[in-house]
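Trainee: I should like to request a close look at a single part of this model, with the terms defined along the way.

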Amino acid sequence: MSVNRCMSLFSRLQRHINSRTARITAGACHVSPRSGLLQKQHQAGSVVSSRNVSSNSSPPKAPDTSLFVPVSLKTDSSPDGSVGVELTQLLAKDELLKVLNRFYKRKEIQKLAADHGLDARLFHQAFISFRKYALEAPALPADMHIILSDICCGAGHIDDIYPYFMRHAKKIFPMLDCMDDLRKISDLRVPANWYPEARAIQRKVIFHAGPTNSGKTYHAIQRYLGARSGVYCGPLKLLAHEIFEKSNDAGVPCDLVTGEERTFVDLDGRAASHLACTIEMCSVTTPYEVAVIDEIQMIRDLSRGWAWTRALLGLCAEEIHVCGEPAAIDFIRELMYTTGEEVEVHTYQRLTPFSVLDQAVESLDNLRPGDCIVCFSKNDIYSISRQIEARGLECAVIYGSLPPGTKLSQAKKFNDPDDPCKILVATDAIGMGLNLSIKRIIFNSLVKPNVNEKGEKQMETISTSQALQIAGRAGRFSSKFKEGEVTTMHRDDLPVLKEILSHSVDPIETAGLHPTAEQIEMFAYHLPDATLSNLVDIFVSLSQVDGLYFVCNIDDFKFLADMIQHIPLNLRSRYVFCTAPINKKQPFVCTSFLKFARQFSRDEPLTFDWVCRHVNWPLAPPKNIKDLVHLEAVHDVLDLYLWLSYRFMDMFPDTSLVREIQRELDNVIQQGVQNITRLIRATHPTITTPLQTQSNSDEQTSGRADSIYLTGSRGQRGHRGSGEMMDSSLANRLVRDGLLTPDLLQQLQKEWSKGQKQDLTNQRSLDAGHQNKNNKGKRKKKK
């Protein structure tokens, strides 16, 4: 090798080592200029509560390293080429493998790596990747090649590998190099500082506290109507619609904004002074004189609580009128203490009394006009309405997945004194947003499916808050009934209900938070190779909240993120799609969501004709329950289109046409629900006799098994015959929890029948044997 060639190689190597060393020893990466949110979170002069709030100097939260997904690296040729080989020699793979394995086993190295963020799991993954790279790369960087060559020849120390190992580890786990910045981005300990516009004014907070039907919301709305400008924030579209109509009827121009709808009273589209909206849609930058936040106790909701937190901390209004349960008073005071705002409390008593009866209904034969049977599953709804119809009575039906128009239509039918429909069968969807003329609430069950803090579905007895919310619908002030009654369908449930209602509502202790699009974008800036689902997982893992808050459940968000991960979308669009409120239990809705995202990614507008082809419009009236459920799913798909149209107007251009066919579909669904008993008969033609809660006549066991599956109710309680086990409380609970199916029930029934027949045969044999012995004994005595 010539002298000039050697000098050139050494010169390149020196520059290379210097630049590499600078990069290896550099500190964590800095927050980009885009990270303006951090300045808001940590600006000087922040008002922070000294009570129940973690100190900003508290030790950082240890990350959940199981969420760190290694980035795949290509073993391409090094930019240094073969400089390392030219300066030293080729590396013997078997000797290099021994050196690397010795490096891995050194306890000092493992401890040093742990100090730099590589726990045992990450250390192992990083080493496997590093070893593969060192052994399989066509050419290693010159500096690394020389170090490894020296160690293999006994001229270097094995610990000298560490800087190169860490350099590689930070490539496959980029979050290690900017962990401090990620922690700052996910620091949720002072959410009040996220809303500088609200902090710039001294707001007056008035809490209207009282039970259901106490007039608390009425008093807040009166102040709202009398203000120069105002915003109403409600939990449901129906409530927002109600305030929208009430405001305009009172001569106060009011606009309506929900996730799927924008209605402006001004024909030119200018904003009115008042606005009624769903709480997720409220603006935290528009100034108002008065803001009303309804159902404030939902601030602790595991999925939607963040929306109430955002509204309470962020609304720019001179007066914030909060309506909700008294159990939230102390917590709201505590929360407002962090903003330096005092809370004025107005308490209200229920306007009409309601009482818990001493007797259960026990049979649908005992129903009276004004009764509402509350169920917690659609199967119960279908079965009970069929049984009521079999008794020659009409009933209205309301459950959560029905379109708002259908719910209002069924409520109107039930409330109409001239309509023969005097019975209502409903889920807990009646707990908010509907004015119903109910005399007696009848709980068909006290168990409902819930999602716990881990996102797991489980069956739980309803809480005191839920029971009061539903029971409070009986005997409302505006109805013809001056007092309400509450009871259960089944005798065994009544003492349980009394026990539930005897307790006070658990005080609210925490409020929900949720990562914003801006925070996720900042995460993605540092972790460009991570998926959206992985980004939010790491965010939650690193997030720090004080004692007043919790991070809301993000399982639905992650479900949608994973569903469309393979579709090429920019991060902001992907985030918006994943916040869409869809029912992930509906396969047709999920399929539609996927198709919408795919069409959007191609930059092809989703036109009216395209949507009609997708949903096979026009749709025929339902012939059975399956058809009705599909129509409800189609309505949800049209809702999804409208929801996305207000976020991507150019890509979802035919809003008015889609809304028009949605109204038509709502009418078709209304007709189907009005004929729901006919649809049930078409779906379950084998059910010929209704299941009676208390009956003096025995039923066929097979029919009873089908009925139990359909209703999830308790079955007969009066007389017990061959189907005793089928009617038992245990069997019904297993059915209600989804642990038994019709096939299993029928199989069990057959086995029980066979067992009973065998028992009867054995008993007869025993009896015959005893009789023979007795006869022999008598003959002996005669002798």
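Mentor: What follows is an account of one helix and the loops beside it.

The model is predicted, so local features are reported at pLDDT of at least 70 and side-chain atom pairs at pLDDT 80 or more, whereas totals for chains, interfaces and linings use all residues. Residues are numbered from 1 along each chain as its sequence is written, and side-chain values use heavy atoms, with hydrogens and water left out.

The part chosen is helix H23, residues 587-601. Helices here are DSSP runs of H or I with at least four residues, strands are runs of E with at least two, and both are numbered from the N terminus. The expected span of a helix is 1.5 Å times one less than its number of residues. For the 15 residues of H23 this gives 21 Å, and the end C-alpha atoms are 21 Å apart, which agrees.

Burial comes next. A residue is buried under 20% relative accessible area, exposed over 50%, and partly exposed in between, using a 1.4 Å probe and protein chains only. In H23 the buried residues are Val589, Cys590, Ser592, Phe593, Phe596, Ala597, Gln599 and Phe600. These buried residues pack against four helices: H21 (555-563), H22 (571-578), H24 (608-615) and H25 (625-645). Contact here means heavy atoms within 4.5 Å.

Consider now the loop between H22 and H23, where Gln586 is placed. Gln586 counts as buried because its relative accessibility is 13%. Leaving aside residues up to four places away in sequence, Gln586 touches Val629 and Ala633.

On the other side, just after H23, comes Asp603, which is found in the loop between H23 and H24. The phi of Asp603 is near 60°, a positive value in a residue other than glycine. Asp603 has 59% relative accessibility and therefore counts as exposed, while Gln586, at 13%, counts as buried.

One further backbone feature concerns a helix that H23 packs against. The loop between H24 and H25 contains Pro618, and the peptide bond from Trp617 to Pro618 is cis, with omega near 0°. Both H24 and H25 are among the helices against which the buried residues of H23 pack.

For another positive phi, one may turn to Glu362, which is not a glycine and has a value of about 70°. Glu362 lies in the loop between S9 and strand S10 (371-374). At 22% relative accessibility, Glu362 counts as partly exposed.
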